[in-house]
Amino acid sequence: GNRTKDLQLIRNFSDARSVLCRLSFLPLMLPKLPRKLFLGMILLAVIIFICSINSVSVVEYVPNVVQKTVDSIDSISKTELIKRIEELQSEVDTLKKKMDKDSSLGAQQSQSFRTIPARVYPEVRFRSERTRKRILVTGGTGFVGSHLVDKLLLDGHEVLALDNFFTGRRRNVEHWVGHPNFELVHHDVVNSYFVEVDQIYHLASPASPPHYMYNPVKTIKTNSIGTINMLGLAKRVKATMLLASTSEIYGDPEVHPQPESYWGHVNPIGPRSCYDEGKRVAESLMVAYAKQEQVAIRIARIFNTFGPRMHMNDGRVVSNFIIQAIQDKPITIYGNGNQTRSFQYVDDLVDGLIALMNSNVTSPVNLGNPEEHTISDFAHIIKDLVGSASTIEHLESQVDDPQQRKPDIRKAAESIGWQPKVKMHDGIRRTIEYFRKEIHDEDNKKRKSDL
């Protein structure tokens, strides 16, 4: 019996406390209530509370409490009561003003957030699930890789760009970050990587002499172990894999121009051998996996390429000459300048890579521009296009520097229907404009840091 009584008392107390809590908010919810009505409601709540605790009927308790309360009110100074109520009303008004101000500020902030424009991406081609491919590009933020990513995305495919950012730069693909068809992954191909893809463009490797000679062991590992990892992935998911090989596998050639059938003339222990031999073993691995594991392979032998997004300090002929000419510094030529080179614009190379990937050609294919110039002629061409006052200086020739380089591209024309379209002078003009902007941005950053 006592237990039941205690439980009832707890329930009564809880109910009464709930009523009091709700009534305590009345000044905020109903600030304009008549004073007598407001006091009456408070009085009623107090009565209910006392009755609940003492388990006394409200009907029995009200007359006595009302009489006592009225008597007590009569004894209190009416002036003090009115003053206290006015103070409470003032506090309520202050709180209301603060709430209105916070609400207005929140609305303004919300409006400002809504005015931030949504990110605008380049318009891409629509493809159905049947024709849209998921494509992995290793070295996807590099010079050539980023242009390939652009082309594949614009064509409506899903692209995953893999890079360790040794020579690649995130800003080369930043205009795609957040696009539903694009994914950027920070990863080194020397370590295994698992993903479901239809095609693999294996471009990962430093390609300029200063970069690949900076860490020769790493260069060899990237081109050997990295290629094995990508071939293993291609085998598992039955993807077609394209290797970005190089004209450097021909070394200092004794056959001119160089056809795909030429085996090359390479120093296997020279300073450039980490790259030359690395690419040669990569080609060997490609063929071995094709024969033993039936992996679908493509091999592109890429000749000298130039264009926007080249690294300013990569030590290549085009970037060196253009930067020196823009800054009116001496244009430096290693050797007598009679060595020849053939330069293709990056857009032509990207078209060739895609054409080769989508063909059935499994043997190596040269991709380059057969328009041949001596290094001295090339220096004067760039100087004239820039309008530079630079002089030309000759330095000591580099070790194992090829004396002539020109691709035989008959196989590319016949088997994949490819040949370069951009004239060298037009490509150089576009590249000059790119480097002008890069140098201007670098100068601005330097000035700001000095301040």
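Is Asp328 buried, partly exposed or exposed? Keep that in mind as you browse these close-ups of a predicted model; the answer comes with the view of helix 10 and its surroundings.

**Figure 1. The whole chain gives the setting for the close-ups.** The protein is built from 14 helices and 13 strands. Of its 451 residues, 43% are buried. Long-range contacts are well represented here: among contacts with a separation of 6 or more, 80% link residues 24 or more positions apart. The accessible surface comes to about 25,000 Å², and carbon and sulfur atoms hold 55% of that area.

**Figure 2. An open sheet of 7 strands pairs in parallel fashion.** Follow the strands across the sheet and you will read the order 3-2-1-4-5-6-11. Strand 3 (182-186) and strand 11 (365-367) are the edges, each pairing on one side only. From one strand to the next, the twist averages 20°. As a reminder for reading this view, strands of a sheet pair through backbone hydrogen bonds, either parallel or antiparallel.

**Figure 3. Strand 4 (residues 199-202) sits between strand 1 and strand 5 in the sheet order.** On one side, 4 bridges join strand 4 to strand 1 (residues 134-138), and the two run parallel. Two of the partnerships can be picked out here: Leu136 with Ile200, and Val137 with Tyr201. Strand 5 is also joined to strand 4 by 4 bridges, again in parallel, and here His202 stands opposite Leu243. Both faces of strand 4 are covered. Gln199 and Tyr201 point to one side, Ile200 and His202 to the other, and all of these residues are buried.

**Figure 4. Two helices lie across the sheet strands.** Helix 6 (residues 143-154) lies across strand 1, strand 2 (158-163), strand 3 and strand 4. Its direction is at about 170° to strand 1. Helix 11 (residues 346-357) lies across strand 4, strand 5 (240-246), strand 6 (297-302) and strand 11, and runs at about 160° to strand 6. Strand 4 is thus a good landmark for this view, as it appears in the list for helix 6 and in the list for helix 11.

**Figure 5. Helix 8 (residues 216-237) packs against helix 9 (residues 273-293).** The two axes come within 9 Å and cross at roughly 15°. That angle makes the helices roughly parallel, and the crossing is right-handed. Residues of helix 8 at this meeting include Ile220, Thr227, Ile228 and Leu231; from helix 9, look for Val281, Ala282, Leu285 and Met286, among others. Thr219, also in helix 8, is worth a pause. With a relative accessible area of 2%, Thr219 is buried. Apart from neighbours within four places in sequence, Thr219 is in contact with Pro206, Tyr212, Cys274 and Tyr275.

**Figure 6. Helix 10 (residues 317-326) meets helix 12 (residues 375-386), with two positive phi angles in loops beside helix 10.** The helix axes are 9 Å apart and the packing angle is about 40°, so helix 10 and helix 12 are oblique to each other. Helix 10 passes helix 12 in a right-handed crossing. From helix 10, Val317, Val318, Phe321, Ile322, Ala325 and Ile326 take part; their counterparts in helix 12 are Ile375, Phe378, Ala379, Ile382 and Val386. Arg309 lies in the loop between strand 7 (305-306) and helix 10. Its phi is near 80°, a positive value in a residue other than glycine, and Arg309 counts as buried at 16% relative accessibility. Asp328 belongs to the loop between helix 10 and strand 8 (331-334), with a phi near 55° that is also positive. Here is the answer to the opening question: Asp328 is partly exposed, with a relative accessible area of 46%.

**Figure 7. Asp408 touches residues from elsewhere in the sequence, including Pro257.** Asp408 is found in the loop between strand 13 (392-395) and helix 13 (410-415). How much of Asp408 is accessible? Its relative accessible area is 11%, so Asp408 is buried, the cut-off being under 20%. Leaving out residues up to four places away in sequence, Asp408 touches Pro257, Gln258, Pro259, Glu260 and Asn366. Pro370 is 38 residues from Asp408 in sequence, yet their C-alpha atoms are 7.0 Å apart. Pro257 itself sits in the loop between strand 5 and helix 9, and a cis peptide bond joins His256 to Pro257, with omega about -10°.

Methods:
Residues numbered from 1 in each chain as written. Predicted model: local features only at pLDDT ≥ 70, side-chain atom pairs only at ≥ 80, totals over all residues. Heavy atoms only, no water. Pairing = 2+ DSSP bridges. Axes fitted to C-alpha atoms, helices over the stretch in contact; angles between N-to-C directions. Contact = heavy atoms within 4.5 Å. Buried < 20%, exposed > 50% of the residue type's maximum accessible area, 1.4 Å probe, protein only. Areas by Shrake-Rupley, 256 points an atom, 1.4 Å probe, with all protein chains shown as cover. Parallel < 35°, antiparallel > 145°, perpendicular 65-115°, else oblique. Left-handed = near helix turned anticlockwise from the far one by under 90°.
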